[in-house]
Amino acid sequence: MSFTSNKINDFNKLFYTKAEKKLINNLPDLFTKLDLFNIALHNHITSKISSKEISVMEMASGSKMDRWKTFMGLDRKRKWNVLLTDFDKSILPDMSTFKNTGNFNFDTEIYSLLEKFPKKKTLERHDVVLSSYTFDNVWLENDFHLTKIDNVWYKNLYEVDIPKIKGKLKKQFFKNLKIKTQRKKIDINSLQHGVFIKQFFKNEPS
């Protein structure tokens, strides 16, 4: 067996490529339905960007527009250019059914989190990239999960035993799939940002 910090991506890749579409469609609802979260997110963005035009890319946006309905109710002055992306066109919102966007201009594009992020020229870059649901779904090469137990720090390692798959998979398959974990003791001070993490959790033994 090969335990690594980002081996859990084997599970994520399997889900995004083999799960039934209706199962994947349910994923982005969590944050889009939290209106207080979206109000706070809007306030944070507008406090950081003073220009009258804001360019946003949202990854794994899904078909729900709740977040943007909240934004439109809060902001009627600035111009917003919003690119909504997901890994399949069928999961993105149908913009022909979404009327009266006012100062918000929406577009959609297929972008898979399993692909490398596209490099853009300076003038083509977005002011904001939103990934409020994605951070736990797909791990990049250097991502890892830390655990603190009795003032000792560990890096979590994973192994996923995936059988050969044919066809699309239902929810029960993913519930029954076993993800094995190990913990490797580490020197928190040797990690990038490790000193900051250690300081932030200094009063918590675990």
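Here are a few worked exercises on the predicted model above.

Some ground rules: residues are numbered from 1 along each chain as its sequence is written, and side-chain values use heavy atoms, with hydrogens and water left out. Since this is a predicted model, local features need pLDDT of at least 70 and side-chain atom pairs count only at pLDDT 80 or more, while totals for chains, interfaces and linings use all residues.

**Exercise 1: the overall layout**

Task: work out how many helices and strands the chain has, and in what order the elements run.

Solution. Start with the count: there are seven helices and seven strands. Helices (H or I, at least four residues) and strands (E, at least two) are DSSP runs, numbered from the N terminus. Next, the order: from the N terminus on, you read α-α-α-α-β-α-β-β-β-β-β-α-β-α. For the dimensions, the C-alpha atoms fill a box of roughly 55 × 45 × 35 Å along the principal axes. Then burial: 40% of the 206 residues count as buried. Buried means under 20% relative accessible area, exposed over 50%, and partly exposed in between, with a 1.4 Å probe and protein chains only. Last, contacts, meaning heavy atoms within 4.5 Å: of those in the chain with a separation of 6 or more, 76% come from residues 24 or more positions apart.

**Exercise 2: the largest nonpolar core**

Task: find which residues of the largest nonpolar core touch the most other members, and which elements each supply at least two of its residues.

Solution. First the term: a nonpolar core is a set of buried Ala, Val, Leu, Ile, Met, Phe, Trp, Tyr and Cys residues joined through side-chain atoms within 4.5 Å. The largest one has 18 residues, and Ile45, Trp68, Trp80, Phe104 and Phe106 touch the most other members. As for the elements, at least two residues each come from α4 (35-48), β1 (53-58), α5 (66-74), β2 (79-86), β3 (104-110) and β4 (128-130). Now zoom in on Trp68: leaving out residues up to four places away in sequence, Trp68 touches Val56, Glu58, Trp80, Val82, Leu84, Phe104, Phe106 and Leu130. Don't stop there, though: a second, separate core has eleven residues, including Ala19, Val160, Ile165 and Leu169.

**Exercise 3: Thr70 and its neighbours**

Task: decide whether Thr70 is buried or exposed, and list its contacts beyond four places in sequence.

Solution. Locate Thr70 first: the residue is in helix α5. Its relative accessibility is 13%, so Thr70 counts as buried. With neighbours within four places set aside, Thr70 is in contact with Asp35, Asn38 and Ile39.

**Exercise 4: Glu159 versus Gln182**

Task: place Glu159 and Gln182 in their strands, then assign each a burial class.

Solution. Glu159 sits in β6 (residues 152-160), and at 9% relative accessibility Glu159 is buried. Check its side chain next: one of its polar atoms lies 2.7 Å from the backbone nitrogen of Ser2. Gln182, in turn, belongs to β7 (residues 179-185) and is partly exposed, with a relative accessible area of 39%. Outside the four places on either side in sequence, Gln182 is in contact with Phe3, Lys155, Asn156 and Leu157.

**Exercise 5: positive phi**

Task: say where Ala60 and Asn151 lie, and what their phi values are.

Solution. Ala60 is in the loop between β1 and α5. Its phi is positive, about 50 degrees, although Ala60 is not a glycine. Ala60 is also buried, at 13% relative accessible area. Asn151 lies in the loop between β5 and β6, and its phi, near 65 degrees, is again a positive value in a residue other than glycine.

**Exercise 6: the second largest pocket**

Task: describe what lines the second largest pocket, by residue and by class.

Solution. Set up the search: on a 1 Å grid over the protein atoms alone, a pocket is an open set of points where a 1.4 Å probe fits, with protein on both sides within 12 Å along at least five of seven lines; lining residues have an atom within 4 Å of a point. The volume comes to about 300 Å³, taken as the space filled by probe spheres set on the points, which are joined across faces, edges and corners. There are 13 lining residues, with Phe144, Leu146, Leu191, Gln192 and Ile197 nearest the centre. Strand β5 (residues 146-149) gives the most to this lining, with three residues. Finally, sort by class: six are nonpolar, five polar and two charged. Here Ala, Val, Leu, Ile, Met, Phe, Trp, Tyr, Cys and Pro count as nonpolar, Asp, Glu, Lys and Arg as charged, and the others, Gly among them, as polar.

Note on methods
Polar contact = N/O pair within 3.5 Å; in protein donor to acceptor, adjacent residues only side chain to side chain.
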